[in-house]
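Here are some notes to read alongside the structure, set out as numbered points for someone meeting it for the first time.

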Amino acid sequence: MLNRFVNLLKNCHEEFIKNYVDEPVYIKRRILYNCIVILVCIIISIILLLTMTIVKRQSSENPFFFIIIIIILIINFVLISKGISIQIMPLYSSIVLFSTFTYFINLSAHQDIIAIAMVSFITIIWIFVSYKWWHLVIHFINSSIIATLRIRALKTYYSMGILSENEYLLSINAYIYLLFTVLAGMTIYLIMKREINLSDKEVTRYKHKTEMYEEVIGLLRFSYIDVNLIKDNLEGYFDVMTGCLNRLAYHNLFLPYASDINSEDCIEIVYIDLNDLKYVNDNYGHDYGDKYLLSFVNVIKNRVLISEGIYRIGGDEFIVTTKNQSVEFLRNLLDLANDDLNKNFYINDFKGNFSYGIASTKEIETDDINEIEKLADSRMYAMKKHKKKITFNS
């Protein structure tokens with residue numbers, strides 16, 4: 001039983017990673033926190049429900065109340081595991097409102113400490129699991145509804161003589177302070193989130209720099225690269241968006257020295273076109289276009305580990321250079337990378353994919369590397385044309 005539960009958690013975690021692969025780390029963590037909170041709440045609710053059923057004691061708690069909560073929490077957990085997260089806070093809100101109109105509204109005149117304590121506890125949990133500004137607005141609305149209903153009830157109790165004037169005023173002040181506490185919590189959350197965003201930008205900038213230096217270190221393994229060229233214009237040789245080497249690096253660092261490589265060695269050029277990048281930009285926005293580019297670069301780097309350089313030479317065109325690799329081996333790696341891109345980037349019916357062409361210096365007896373590049377380019381366009389023909393016929 002325990003092994004099954006552990007395996008279930010592992011499967012849920014793998015599914016979670018797959019469904020939220022493009023989300024920022026901060027949001028991934030918050031959604032994961034929600035999963036943990038939901039599981040804990042389900043377990044606690046089941047324990048309370050079983051206790052009430054076994055003991056069969058008379059109390060103000062209604063078993064139906066816990067059954068509804070368990071159902072809502074399970075629905076929320078299943079939707080989150082499927083990659084749907086927009087409903088998280090509205091469903092939490094439905095639980096709070098359900099509790100308000102079945103429990104809080106029926107509290108007696110001297111039980112408001114329970115409502116205040118519960119709202120304070122919910123505020124802490126809410127801040128812990130929120131990751132959008134409107135999540136906090138929902139909580140403030142919920143808290144305002146609870147406070148309004150309880151203040152109306154207190155007014156009734158006061159008019160009936162159940163509460164003294166002093167008790168009535170103190171209780172009202174307590175709810176006003178509670179709402180100010182909720183607002184203060186919202187403010188602190190927004191300040192902390194701003195600081196986290198600034199830190200994330202610094203981390204991203206540092207990571208970008210690190211990737212640039214790793215690319216340079218990779219280039220310096222080969223004797224045909226002039227160290228002084230890189231040193232004098234480091235950032236000028238990199239594409240800002242993807243972190244890849246750019247067209248300038250291809251022309252200044254690779255082409256001039258490719259002909260000096262030992263004649264026994266072989267250079268392979270892979271010409272790649274990222275299909276339908278313009279379509280993604282035009283129909284879904286440039287943010288999705290940027291994600292498409294980054295997903296492509298990641299799968300290429302992860303699969304084609306033997307590359308000597310990845311160059312972005314145009315908006316959707318890239319060149320990957322390798323040394324002494326078989327064309328068949330490269331083709332297998334690129335097909336795997338295409339499969340990865342299909343799985344990692346998709347919007348509605350669109351799935352990410354690219355066309356490529358491979359050519360090597362062993363195919364043509366020439367010292368002009370541009371001829372090899374042209375051959376790879378023509379093969380890439382042939383593959384692209386073939387893909388379009390298949391898509392049109394289907």
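At what angle do the axes of helix H5 (residues 112-129) and helix H6 (residues 133-159) cross, and within what distance do they come?

1. This is a predicted model, and in it the axes of H5 and H6 cross at roughly 180 degrees and come within 11 Å. Because angles over 145 degrees count as roughly antiparallel, H5 is described as roughly antiparallel to H6.

2. The contacts between these two helices involve Asp112, Val119, Ile122, Thr123, Trp126 and Ile127 on the side of H5, while H6 contributes His135, Leu136, Ile138, His139, Asn142, Ser143, Ile146, Arg150 and Leu154.

3. As for the chain as a whole, its secondary structure comprises 13 helices and seven strands. Among the contacts with a separation of 6 or more, 67% are made by residues 24 or more positions apart.

4. The chain has 394 residues, of which 40% count as buried. The area that the chain exposes is about 22,900 Å², and carbon and sulfur atoms supply 61% of this area.

5. A nonpolar patch on the surface also deserves a look: Leu32, Ile36, Val40, Ile44 and Leu48 form this patch, and together they have about 390 Å² of accessible area. One of these residues, Ile36, is found in helix H2, which covers residues 25-55. With a relative accessible area of 45%, Ile36 is classed as partly exposed, because that class lies between the cut-offs of under 20% for buried and over 50% for exposed.

Methods. Residues numbered from 1 in each chain as written. Predicted model: local features only at pLDDT ≥ 70, side-chain atom pairs only at ≥ 80, totals over all residues. Heavy atoms only, no water. Patch = residues over 30% accessible without salt bridge, like charges linked within 9 Å, V, L, I, M, F, W, Y side chains within 5 Å. Areas by Shrake-Rupley, 256 points an atom, 1.4 Å probe, with all protein chains shown as cover. Salt bridge = Lys/Arg side-chain N within 4 Å of Asp/Glu carboxyl O. Helix = DSSP H or I, 4+ residues; strand = E, 2+ residues; numbered from the N terminus. Buried < 20%, exposed > 50% of the residue type's maximum accessible area, 1.4 Å probe, protein only. Contact = heavy atoms within 4.5 Å. Axes fitted to C-alpha atoms, helices over the stretch in contact; angles between N-to-C directions. Parallel < 35°, antiparallel > 145°, perpendicular 65-115°, else oblique.
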